[in-house]
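Here is a short report on a two-chain model. Look through the sequence and the structure first, then read on.

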Amino acid sequence: MPVLKVYLVALAQTTLALILAPGLVGLIRWFKARLQNRSGAPAWQPYLELRKLFAKEVVVSRSASWLFRAVPFVVFASTVAVAFLVPMLAVPLPFDSVGDLLVVVYLLLLGTFFLALAGLDPGSAFGGMGSSREMTVAALSEPTVALAIFALALSAGSTNLGQIVARTMADPATAVSPGYLLAFGALFVVTLAENGRLPVDNPATHLELTMIHEAMILEYSGRYLALIEWAAWLKVLLFFSLLGNLFVPWGVATALTPGALCWAGTTLLAKLVALAVVLAVFETRVAKLRLFRVPELLAVSFVLAVLAITVSFLAR
Amino acid sequence: MPLLGILLDLMVGGYLCGALAALVLGRGVLARWFTALGAMVGAGAGLLLGILDWTEPRPAGGIDIYWLSITLPLVPESIGHISFIAVDTLGAVFLALVGLVGVPVALYGVGYSRAWEGRRSLRPPGTLLNLFLLSMSMVPLAASALAFVLAWELMAITSYLLVMTEADEPETVSAGNWYLGMTQFGLGFILVAFFLLLPADGSGDFTALAKQATTLSPGLKSLVFVLALIGFGSKAGLVPLHVWLPSAHPAAPSHVSALLSGVMIKLGVYGVLLFALRLLGGGPAWWGGLVLTLGAVSALLGVLYALMEHDLKRLLAYHSIENIGIIFIGVGAGLMFLSYGLPALAVLGFVGGLYHTINHACFKGLLFLGAGSVLHATHTRNMEEMGGLIKRMPRTALFFLVGAAAISALPPLNGFVSEWVVFQALVGGASIPKRQVAVLMPIAVAMLALASGLAAACFVKAFGITFLGIARSHEAEEAHEVPVSMQVAMATLALACVVLGAAAYAMVPALGRAVAGLGGLPPASAATVGWSLSLPLSAPGAVGQISPLPMLLGLVLLLAAIPIALWLFRASRALRVSDTWGCGRIAQTPRMQYTATAFAEPLRRIFAALYRPTEDVSIDFHPESRYFVQSIAYRARVVPWFERFLYDPVIARVTSWATRVRAIQSGSLHAYLTYLVAALVILLGLLLMWGS
Amino acid sequence: MGLLSKIFRTGIVTEAIPPGDPEIVHLVRDVDLRSRRLFGRALGIREVDAGSCNGCEIEISGLMSPVYDSERFGFHFVASPRHADLLLVTGPVTRNMEVPLRKTYEATPAPKLVVAVGDCAHTCGVFKGSYAVAGSVDQIIPVDVFVDGWPPEPADILRRILTALGRGPRT
C-alpha cells in the first residue's frame, strides 16, 4: 500500500538519522584530531561511548526533583520528533503537514528549555551558569532563524519544508541567488550557536567557566547522559540535513522507488561528510569567543539574514 | 432565542447573587463558597452564552438583541436611551473569554481568601469580584456608546477597589493611584472618540455610530481612531501607556491579578477592534502600521523589562505587556492587509491576534494563579527567597510549568499555535504591493522572534529559580501545597492551554467567523474548513500547515516509547542518590546556587544600552581584619525610561500647577466670601449681557 | 592559511607505545571482566589532584598531546565525575583534599576504577608522616591500579591503564 510505504520511509529516515548521528560527530572529531596532528579515536567511537553509558548506573542529586529525571526523555523525544519533520531522504513526507520549519525551530527550543531547567534543578552553580548562558544564546539566535525562514519562505511561497525543497529543485537558479547564499551564511552561524560548536562554545572543554552546553549536563550520568548526548548529536545531524537539503536539495527523492531512495541516502551522506569537513576545518581555525562577544557574532548572522531578506525583496 | 435569554439571566443573576452572598454573609467558609459559586455560575453562564453566540450562524455583521433598551428617567430620550445586550460575534468571543477565565478564578478565590480570615473583611473583595466580572461581561454586550461607557467605568472602579484590597501596604496605594489616573486618562480619550462619532440626533447605538462614521471626513476618522487607540491602548497596556500595569497587577490579590491580566486588558483589544472594524469600518494603511509598530515595540520592551524583574508578579505583568504587543502585531497586520485589499491575509492577521488573546488569557491566568499559590505558601513575591518548591508544592509546580511552556511558545501548546498564525500572517505580508511598507513585516518578524526567545529565557528563570534547586529561605523550606480548590482552578486552566492548542483546527475558522463581515471583510462562507486534524492556511503568500493534535500525540508517544526501548535494549536501571556535584566542596548551601539576578546578568550586559544598569556593591569587612569579609550586598538597578523621562516630568509639571492653584484655598473665610460674591456678580453680568 | 599549511607539513606525530618496564605496573586486584569489557573501548577519565606537586599532572597532560594521544585508545578526559569511569588520582592525600576526594569517588557512577599515579599516591613519597597529609590514596578510597614513578612517564600511565583493562602486556 502506498500510504504504508510513505510512513515506512518516514520511519526509516528517522531510524537512519538516529543511527548516523553518533557516527557524524565521531567523524567530526576524527577530522579535528587529524588536523591536530594526532591519530585520534576512530569515527565510531561515539557508538562505543553510548553503549558504555547505557550500562552505567545513574547518580541523581538529592536536591533534584522528578524534572531532572524526566528531562532526558523530553529532550530526546523532541529531537526525534524533529527528525520526523526534516526532509532527509524524500519529499513530501506524511509528517510534512504536521510541522513546518517554524515547528522545527520551536521543537528544538522545547528541548533547550527543558535542558536549561534541568541545569537549574540540582541547585549547583555550574548548572545555573550553563542554563543562563544557553538561554541567552538561544534567545539571541531566534531572530536570525526567523528571518532566514522568512527569506526561504519568500521564494518558496510557504514555510512548508517539502515545498521549499521542491521549489529549489524545480528552479535551480534560486539556489545561487544572493538571498539564499546569505541565508545559508546566517543559518551556518546559527548552527554553530545552537549546537554548541566553536566559536560559540567548545564541546570538549573542561573549564566550567567556559562552558555553555556542557555545564548544564555536568550532573547527568549513565543512561540519562546517553540520551542527552545522543539527542545533541542528532541535533547536529538535523541541522546539517537542513543546511544540505534546503540549500542544495538535489538528490532528495521525489518518488519512493528503491533506486531514488538509495541515491537520496548516498547524497545525504555526501552532504553530511562535506559539512563535517567544513565544520572540522572551521573549528580548527577559529578560537572560542568570550561569552560577551558571542552576541556580536550573532548580530553578524542577523545582519546576514537581514541582507538576505532585503535582497529577496528587491529581486521580486 | 429562549435558551440564550435564560443564560443571560443566569449570568447576571449569578453574579448578583454572589455579590449579595458576600455582602450578607461576610465571613466564614459559607461566605467564601457562596460568593465563589455565584461567580462561577455567572461566569459559566457567560461562557456558554459566549460560545453559543459565537458559533451561531448569523448574517454578516448581524447582531442579536436580547433585552430591550432601557430609558433613563429625567434624561432626554436621545441620550438616555441605553441599548443593552446586543451581541455580535466579536463581542461573543470576548464574553466567552470572561467566562473562561472567570470560572477558575472564582474557584481559586475560595482557597485564596481563606488567608484573609480574621485579618480582613471578606465583604469588599467578594462583592467587588462579582461586580467586576459582571461589568467585564457587560462591556462586550454593550450596543450603544452610553452602555459601553457605563460598563467600562464600572469595570474601572471595581477593579480599582479590588487592587486596593490590601491597602495597608504603601506600594498598593501608589499602585492604585497610578491605575486610577491612567484609567481616567484613557476614559477621557474614549469619551471624546465616542462624542466625535455621535450623530446629530444623539442616538448612541453602535449601528447609528457606524452610519455616522461613513459620513465623516478621513481626517476626522483618523482622529477618532487615534483617540480610541490611546484610550484603549492605555487599558491594554501598550507602550508608552503601560506604566500602571507593572505596579497595579502585582498589588492586587492574585486571582484578581489573573482577571486583570487575563481578561481586562483584552477588553482594550476589544475596544480597538470595535472602533477600527465595526464602527469606523477600516481605514488607511498607516492605522495598521501604527498599531503594528506599537505592538512590536511593546512586545520587545515588555519582555526586556520582565527579564530584569525578580518579583514574580511584576515579571508576569511585564509579560502581559509583551503579549499584548504580540496581539497588536496581529491586529495591526490585519488592518494593514485590510487597507490594501487583501482580505484573506487580513482575516489571518485578526485571527492570529484574537487567538493569542484567548490563549494569553488562559496561560497568563494560570501563571498568576500559580504565582498566587506560591505567594500563599511562602508569603513572599521575591524570587530570590524561593527555591525547591517543586518538592513541596508538586502540583502547583506542574501547572506553572504548563503555563510557562505555553507562554514561551513551545509546541504543541496554545501559545505556539497562535504565534505561528501571527508569523504566517506576517510572512504573507510580503505580498503587500508597496515595497516600502512591506519591509515592515520582516522587521516585525524579527522583533516577534526575539521577544519570544527572550520570553523563553525569562520563564526558565522564573520557573527555575522559584521551583527548582534548594530553598533559599525558611519560608520556602516550610512551604506547603495549596488547598484543593486552588489546585483544581489551576488544573482547569492548564487543561485549557493544552486543549486550545490541540483544537486549533476548530478555533481558527471559528475566530475567522468572528471578524467576518466587519470593516469590509467578506462575510463568513457557509462552508467551514473541513474537519481535518490539521490547520491548513492558504492565503496568497502564506501557505502553511501544522497539525497540533498529531504533534501532541506524537510527542506523548515518543516519550512513552523511549523507556520501552531502553527496557528492550536492556539498559542498566541502577540509580543512586547522592550529593550535588560541587567540585568536592565540603558543604552545599542555598547561597551557592544561581540567583534570579545572576541568571539574567548576561542579558543585562548585552542590552546595557537600553537598561543603563547601575550596580551597588557594598562590602562589610570583618571588624578585626580587612582580609575577611562578613557580608557583601549587591544591588542592580535598571533605568525605567518611560517613568523617568515621560511621566515624571509631566507629573511634576501638573503637581506644580496644582500647588499654585491651591493658593486659592487660603483658609480665610473672608477670601471665600469674596469668591462667592465675585462669582455671583460675574454670572449676573453674563446673564444680563446674553439676555439683552 | 599559515596554520593549515603548517598542519599538513607536520603530519601525524602520534607514536606507538613502547613495551616498557613491566615492574612499574602494579595491579592491586584484577579488574573484573565486566568492567574490562565495558571500558575496553570507551573510558571517561576524571583527574583528581589530591595535593600533588603537579609533576604528575604535567605528565598526565602529556597524555592528551598529539604524541601520546590517549584518545586513540578511546580514553577521553571528562569535566565531571558523573561522566567518569576512571579516577586518576595524584598526590599524597592532604587533609584538605581528603573530603573532596571521597566526594569525587561517591559522585562517580558504578562501575568505576581508580588509578593512583605516582609514588606519592602509593606511599606518600617524601611527604610521608607530614602533618598536612591524611594518608595515601588507598587509605581514602579503594584503588585498582598503582603506577609508580616520580613522576611516571605518560607512556607508563597509558600502558598501565591498558593493562588493567586487559588490552596490554600483563605482569
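## Two cis prolines in chain B

Where in chain B does P412(B) lie? P412(B) sits in the loop between helix 16 (394-407) and helix 17 (414-428). The model is predicted, and its backbone angles are computed values from that prediction.

The peptide bond from P411(B) to P412(B) is cis, with omega near -5 degrees. A second cis bond runs from V239(B) to P240(B), with omega near 0 degrees. P240(B) belongs to the loop between helix 9 and helix 10 (245-251) of chain B. Most peptide bonds are trans, and most residues other than glycine have a negative phi.

## Positive phi at two residues

A409(B) shares a loop with P412(B): both are placed between helix 16 and helix 17 of chain B. A409(B) is not a glycine, yet its phi is positive, about 60 degrees. Is A409(B) buried or exposed? Its relative accessibility is 0%, so A409(B) counts as buried, for which the cut-off is under 20%.

H379(B) also has a positive phi, near 60 degrees, and is likewise a residue other than glycine. H379(B) is in the loop between helix 14 (343-378) and helix 15 (389-392) of chain B. Its relative accessibility is 63%. Exposed means over 50%, so H379(B) counts as exposed.

## Helix 8 of chain B

Helix 8 of chain B covers residues 206-214. Which of its residues are buried? F206(B), L209(B) and A213(B) are. Viewed down the helix axis, the buried residues of helix 8 fall within an arc of 55 degrees, so they line one face of the helix. The face turned away from that buried side carries exposed residues: T207(B), K211(B) and T214(B).

What covers the buried residues of helix 8? The cover includes four helices of chain B. They are helix 6 (145-163), helix 7 (170-197), helix 9 (218-236) and helix 11 (254-279).

Helix 7 also holds L191(B). With a relative accessible area of 30%, L191(B) is partly exposed. L191(B) and A228(B) are 37 residues apart in sequence. In space, their C-alpha atoms are 8.7 Å apart.

## Chain B as a whole

Chain B contains 28 helices and 9 strands. Its radius of gyration is 27 Å, close to the 26 Å that the globule rule gives for 692 residues, so chain B is as compact as a globular protein of that length. Along the principal axes, the C-alpha atoms of chain B fill a box of roughly 100 × 75 × 60 Å.

Of the 692 residues in chain B, 58% count as buried. Take the contacts in chain B with a separation of 6 or more: residues 24 or more positions apart account for 80% of them. The accessible surface of chain B is about 26,700 Å². Carbon and sulfur atoms hold 69% of that surface. As for charge, chain B has 39 positive and 32 negative side chains. The centres of the two sets lie 5 Å apart.

## Chain A as a whole

How many helices and strands does chain A have? It has 11 helices and 1 strand. From the N terminus on, the order of elements in chain A is α-α-β-α-α-α-α-α-α-α-α-α. The radius of gyration of chain A is 19 Å, close to the 20 Å that the globule rule gives for 316 residues, so chain A is as compact as a globular protein of that length. Its C-alpha trace spans about 55 × 45 × 40 Å along the principal axes.

Buried residues make up 69% of the 316 residues in chain A. Among contacts in chain A between residues at least 6 apart in sequence, 80% join residues at least 24 apart. Chain A exposes about 9,900 Å², and carbon and sulfur atoms supply 74% of that area. Its side chains include 21 positive and 16 negative ones. The centres of these two sets are 6 Å apart.

Technical notes
Residues numbered from 1 in each chain as written. Chains lettered and ligands numbered in written order. Predicted model: local features only at pLDDT ≥ 70, side-chain atom pairs only at ≥ 80, totals over all residues. Heavy atoms only, no water. Buried < 20%, exposed > 50% of the residue type's maximum accessible area, 1.4 Å probe, protein only. Arc of directions from axis to C-beta. Contact = heavy atoms within 4.5 Å. Rg over C-alpha atoms; globule rule 2.2 N^0.38 Å. Areas by Shrake-Rupley, 256 points an atom, 1.4 Å probe, with all protein chains shown as cover. Lys, Arg positive; Asp, Glu negative; His and termini not counted. Charge placed at Lys NZ, Arg CZ, Asp CG, Glu CD.
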